[in-house]
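Trainee: I'd like a close look at one single part here, please. Pick a spot and talk me through the geometry and who touches whom.

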Amino acid sequence: MPNENLHIDKSLLRQLSEGDERAFHVLFDHYKDRFYYVALKMTRLDHVAEEMVQEVFLKIWRNKSSLSEIENPDAYFFTMLYRQVYQYYKKAALDKKLLQGVIGNTESENVTEQSVLAKESARLLDEAISKLPAQQQLIYKLNKVEGYSYNEIADKLHLSPNTVRNHLAAAVRSIRNHLRHLSEFALVFGILSLWE
């Protein structure tokens, strides 16, 4: 049976290397759940596991022309997934190191000031979220606050996962623009106040 799966995968890879989208969908259906469970087991974060699976399949599609040369598809694809996990942890370690550096440089700051800044940041984020359309607000809160995956939100709201993804992307974009506008305003206001 494993040899039969290997033969099927290699045949699909040949078709995929020629740009056959049907072969890509068959390959996707064959691997997606296995990739997801491995990524979830290694990261313990549903949304991260989903993003890793998407990234692996995006790379497969982008590199499709070289896939017909692969001798062991399972090993090749799972190596791609493990590299995604490695990159995730490498980035997380770097982020943690940077955060510790920032915290280390600000330890002498007043704790009350940090608390006020944290509350103000939370207030500004809440303000940005409140300006979103109702559907985007709901999807943003379900994903970012309550931790639901795209698929769980889609089931809950009777939408397609792509619609959920699009609403979430639009919400994040709007929030960033709102906060960027506020920071530019604060910068200009701060500069103007220096001239008084």
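Mentor: Let's take the place where Leu138, Ile139, Leu142 and Asn143 of helix 6 meet Tyr150, Ile153, Lys156 and Leu157 of helix 7. Contact here is heavy atoms within 4.5 Å, and helices are DSSP runs (H or I, at least four residues; strands are E, at least two), numbered from the N terminus. Sorted by type, the residues of this contact come out as 6 nonpolar, 1 polar and 1 charged. For that split, Ala, Val, Leu, Ile, Met, Phe, Trp, Tyr, Cys and Pro are nonpolar, Asp, Glu, Lys and Arg charged, and the others, Gly among them, polar.

Before the angles, a word on what you're looking at. This is a predicted model, with residues numbered from 1 along each chain as its sequence is written. Local features need pLDDT of at least 70 and side-chain atom pairs 80 or more, while totals for chains, interfaces and linings use all residues; side-chain values use heavy atoms, with hydrogens and water left out.

Now the geometry. Helix 6 spans residues 134-145 and helix 7 residues 150-157; their axes come within 10 Å and cross at roughly 135°. The axes are lines fitted to C-alpha atoms over the stretch in contact, with angles from 0 to 180 degrees between N-to-C directions. The two helices are therefore oblique to each other, since under 35 degrees is roughly parallel, over 145 roughly antiparallel, 65 to 115 roughly perpendicular, and the rest oblique. The crossing of helix 6 past helix 7 is right-handed, meaning the near helix is turned clockwise from the far one by less than a right angle.

As for the surroundings, the protein chain has 8 helices and 0 strands. Of its 196 residues, 26% are buried (under 20% relative accessible area; exposed is over 50%, partly exposed in between; 1.4 Å probe, protein chains only). Among contacts between residues at least 6 apart in sequence, 62% join residues at least 24 apart.

Elsewhere, one buried pair is worth a click: Tyr31 and Phe35 sit 4 residues apart in helix 2 (residues 21-43), about one helical turn. Tyr31 is at 0% relative accessibility and so counts as buried, and Phe35, also at 0%, does too. Phe57 is buried as well, at 4%.
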